[in-house]
Amino acid sequence: MIMYRRLTLIPLGVLVVIVYVAMQYIGFGVLQLRPIDHTSLISNDAMLKANISISVHGPYVYIAWYDHANGSIVLASSRDGGNTYKSNTIKHVDNAVINGVVTKGSSVYIVWQSEVDGRYDVFLSRSSDGISFNTTNISNNRGDSTFPVMDVEGNMVYIAWIDSTDGDTDVLLRISNDGGYTFSETVNISDNRGDSESVAVDAEGSSVYIAWHDNSDGTFKVMLRTSHDYGSTFSDTIVLSDPSMDSGFVSMVAEGKDVYVAWMSDTGYESNSIYLRISNDNGHSFNKAVLISSDGISVPLLTSDGAFIGLTYIDGRGLIFATIASYGVVSSHDIGIDTDANAITKLVVDIDGYTIGMLVYIDGKDIGKVVYIRGDHINGFTGRSIAYANADDLSIALRGNTVYMAWSSKVCVGDCSNVKIGYHLIVGDEEGFREHKLT
Ligand SMILES: [Ca+2]
Ligand SMILES: [Ca+2]
Ligand SMILES: [Ca+2]
């Protein structure tokens, strides 16, 4: 997802300019384009988040969202590769935001945040069968605990989040070594007086990498700490970005001994650059930063499947997919989406083998458009419009020929004093696309 939070010092104003473009459909659509179904009136808060998150492992497909009408976290689950679904209420709770879902076999982990006595906490709901859940308050403190990220590697579960308990914001971490039943004491990873934000976590074997940005010594910098013993001990903090420029919004993947970190730096008035650094020795040392684009509009998004690494971003040219190897950039493709690059305001990517699937949201004057793009770096990419909607959140999972796309829509009523929210799931393959009713 692009830019929920902004570095105040980085002028990313370009992003908020909503440009109306005559909608030219790319590729061919199997689904008829149509306005979204208007669900029942559910909220008077137009600012609320309608997050949705999908995760697929083998025949298990899990989609989690927060039902604002009933005040509950809901999980739709399929055990047959997405043909049939059952919906389960996981928990009744006020104003929750779903931050992520991870599926390992039939087990599912849902990380979310919700208000407790006026302050946010981070929660994990886990289940081994997708039916019965137990929920743990992971942060359980008096500060605002928000924006959790999670990685699951074997029995290890790592949850990091941003926490304001000691006055400034810090990156906190808790670790489970028994599949999420019990958790370690909380570790303060940033542990400084600056604003520590936008955390990313990736675990690979016994190694764990935690990256974030903070301004503890003036400028925003991209920072990294590394563990090689399942999070028992961490290296000192290293700074990956050029300390003379505000930098942040890190994306990171680790594969084998290689660690890939990309971010955005402020290089002048309304000008942002995207940088990539790679380590080939488990994060002990990093190659020189590579300038990927000097005209960055979106934050960069690293995605991997095994050794195949992709870096997706939007710059002045449009939507770009770069293939990355352990030594650097292999090739770069302009996806050729026929719209103003500034109108693309949301982007999610998944990779399966060498196939790349993306879901993008193109903002419009009255209504936006959700577009599915599929392809590879050899044969190129094609896109098809999925729906007209004012999309709030997007999620995608690609498995072989099948793509699972979940997204939420938000429609203002009248002067936006009320909004209608809908959650949508579309499963597609060579036979065609079908929409499943979620709400
Ligand atoms: Ca808290
Ligand atoms: Ca801090
Ligand atoms: Ca602190």
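These are my notebook entries on a predicted model of one protein.

**Entry 1. Overall composition and confidence**

I began with the confidence of the prediction. The mean pLDDT of the protein is 87, and 89% of its residues reach 70 or more. I then looked up residues 1–41, where the pLDDT is below 50. This stretch nevertheless has 83 contacts in the model beyond near neighbours in sequence. I note the usual caution that predicted coordinates should not be read in detail where pLDDT is low.

I next recorded the secondary structure: the protein has 1 helix and 32 strands. Of its 439 residues, 50% are buried. I also looked up the sequence range of the contacts. Among those between residues at least 6 apart in sequence, 47% join residues at least 24 apart.

**Entry 2. N95 and the β4–β5 loop**

I looked up backbone torsions at residues other than glycine. N95 is not a glycine, yet it has a positive phi of about 45°. I located N95 in the loop between β4 (86–92) and β5 (97–104). I asked how many C-beta neighbours N95 has inside 10 Å. The number is 15, and N95 therefore counts as partly exposed, since the partly exposed class lies between 12 or fewer neighbours (exposed) and 20 or more (buried).

**Entry 3. L124 in β7**

I placed L124 in strand β7, which spans residues 119–127. L124 counts as buried because it has 22 C-beta neighbours inside 10 Å. I listed its contacts, leaving aside neighbours within four places in sequence: Y109, V111, T135, T136, I138, I159 and G180. I also checked the pair L124 and M150, which are 26 residues apart along the chain. Their C-alpha atoms are separated by 9.6 Å.

**Entry 4. The sheet β13-β14-β15-β16**

I traced an open sheet of 4 strands in the order β13-β14-β15-β16, with antiparallel pairing. Its edge strands are β13 (196–204) and β16 (238–239), and each of these pairs on one side only. At the β16 edge, I found 2 bridges in the antiparallel pairing with strand β15 (residues 221–227). There, M223 has V239 in β16 as its bridge partner.

At the other edge I examined S198, which lies in strand β13. S198 has a positive phi of about 55° although it is not a glycine. Is S198 buried or exposed? I find S198 buried, because 26 other C-beta atoms lie within 10 Å.

**Entry 5. The sheet β17-β18-β19-β20**

I traced another open sheet of 4 strands, ordered β17-β18-β19-β20 and paired in the antiparallel sense. The edges are formed by β17 (247–255) and β20 (290–293). Each has a single partner strand, so one side of each is left without a neighbour in the sheet. From one strand to the next, the twist averages 25°.

I then looked up the partner of β17. Strand β18 (residues 258–268) pairs with β17 over 7 bridges, in the antiparallel sense. Within this pairing, G248 has M264 in β18 as its bridge partner.

I chose A254 in strand β17 for a closer look. A254 is buried because 25 other C-beta atoms lie within 10 Å. Which residues does A254 contact, leaving aside its neighbours within four places in sequence? I recorded D202, E204, S207, Y209 and V259. The C-alpha atoms of A254 and S279 are separated by 9.2 Å, with the two residues 25 apart along the chain.

**Entry 6. The β25–β26 hairpin**

I asked why strand β25 (residues 344–352) is largely enclosed by the rest of the structure. The reason is that 7 of its 9 residues are buried. I counted 8 bridges between β25 and strand β26 (residues 355–362), which run antiparallel. In this pair, I351 stands opposite I356 in β26. The hairpin of β25 and β26 has 2 residues between the strands. There, G353 takes a positive phi near 65°.

**Entry 7. The β31–β32 hairpin**

I ended with strand β31 (residues 418–429) and strand β32 (residues 432–437). They run antiparallel and are joined by 6 bridges. I noted that H424 stands opposite K437 in β32. These two strands, β31 and β32, form a hairpin with 2 residues between them.

Note on methods. Residues numbered from 1 in each chain as written. Chains lettered and ligands numbered in written order. Predicted model: local features only at pLDDT ≥ 70, side-chain atom pairs only at ≥ 80, totals over all residues. Pairing = 2+ DSSP bridges. Contact = placed C-beta atoms within 7 Å. pLDDT = per-residue confidence, 0-100. Axes fitted to C-alpha atoms, helices over the stretch in contact; angles between N-to-C directions.
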